[in-house]
Structure formats: C-alpha cells, structure tokens
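Work through the exercises below with the model open. Each task is followed by a stepwise solution.

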Amino acid sequence: MSGGLDRINRAVRILVGRNAMLNERLYEAAREFSAGVQDAEHWPTKLREKAIRIDRKLTAKGRISATINGMDVPDAEEIAGEILEVSAQIGAAHFDKATADSRA
C-alpha cells in the first residue's frame, strides 16, 4: 500500500510548509500528488478513486499548470483541502494496514 505514499506526503508538506502564494504551493503539491496517484494500485479502492477524481480536477485543462493558473483563490483552497483530506485518509489506511500486518 505504500506505493505513492511518499509523493502524497511530499504534497502535504509543500501545501502546509512552504512560504509561497497558494497557487504556487498548489502547483508544486499537485505535481507530487499526481505522481503519487500514478502508483496507487495498492490503496483501498474508495481512496484510490477519490484521489483519481482529485487528480482529474488538477488536469482538467490538460496540464496541471494550465488548470491551476486558471483557478481563483476559493477553487484553489477547495482543491488544496481535498488533497489534504485524502492524504490524511490514505496515511491512516496505511497505518491501519501496517498495524494489522504487525499483529498477524
């Protein structure tokens, strides 16, 4: 399940840890997020589907840069929130699986 998780975690660190305008942080985070989603075959189905829907939003205009450059602040805030939410859910699912595996 850890496939893509490192990239998703980097996306979160970019969103919350950089001192830059939201669209700049979102662009960098979206690149990491999108790369992580490409390696999501071991994620729980519902989380993988949710991540893919977010990734499609990020590439709605063909490229991440074109999509994000066309976003206003409320839209950027919304999709950043979606990335953070699904990232937390993926991390929790990974932790739950690792815990269960260690008990087996």
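**Exercise 1.** State how many helices and strands the protein has, and give the pattern along the sequence.

Solution. Count the DSSP runs, taking helices as H or I with at least four residues and strands as E with at least two, numbered from the N terminus. The protein has five helices and zero strands. In sequence order this reads α-α-α-α-α. The model is predicted: local features need pLDDT of at least 70, side-chain atom pairs count only at pLDDT 80 or more, and totals for chains, interfaces and linings use all residues. Numbering starts from 1 along each chain as its sequence is written, and side-chain values use heavy atoms, with hydrogens and water left out.

**Exercise 2.** Is alanine 66 buried, partly exposed or exposed?

Solution. Locate alanine 66 in helix 4 (residues 64–69). Apply the cut-offs: buried is under 20% relative accessible area, exposed is over 50%, and partly exposed lies in between (1.4 Å probe, protein chains only). Alanine 66 has a relative accessible area of 26%, so it is partly exposed.

**Exercise 3.** Describe the largest nonpolar core and name the elements that contribute two or more residues.

Solution. Such a core is a set of buried Ala, Val, Leu, Ile, Met, Phe, Trp, Tyr and Cys residues joined through side-chain atoms within 4.5 Å. The largest one has 27 residues, and Leu26, Phe33, Ile54, Leu58, Ile68 and Ile83 have the most contacts inside it. Two or more residues come from each of helix 1 (5–17), helix 2 (22–37), helix 3 (45–58), helix 4 and helix 5 (73–103). Helix 5 gives the most, seven residues.
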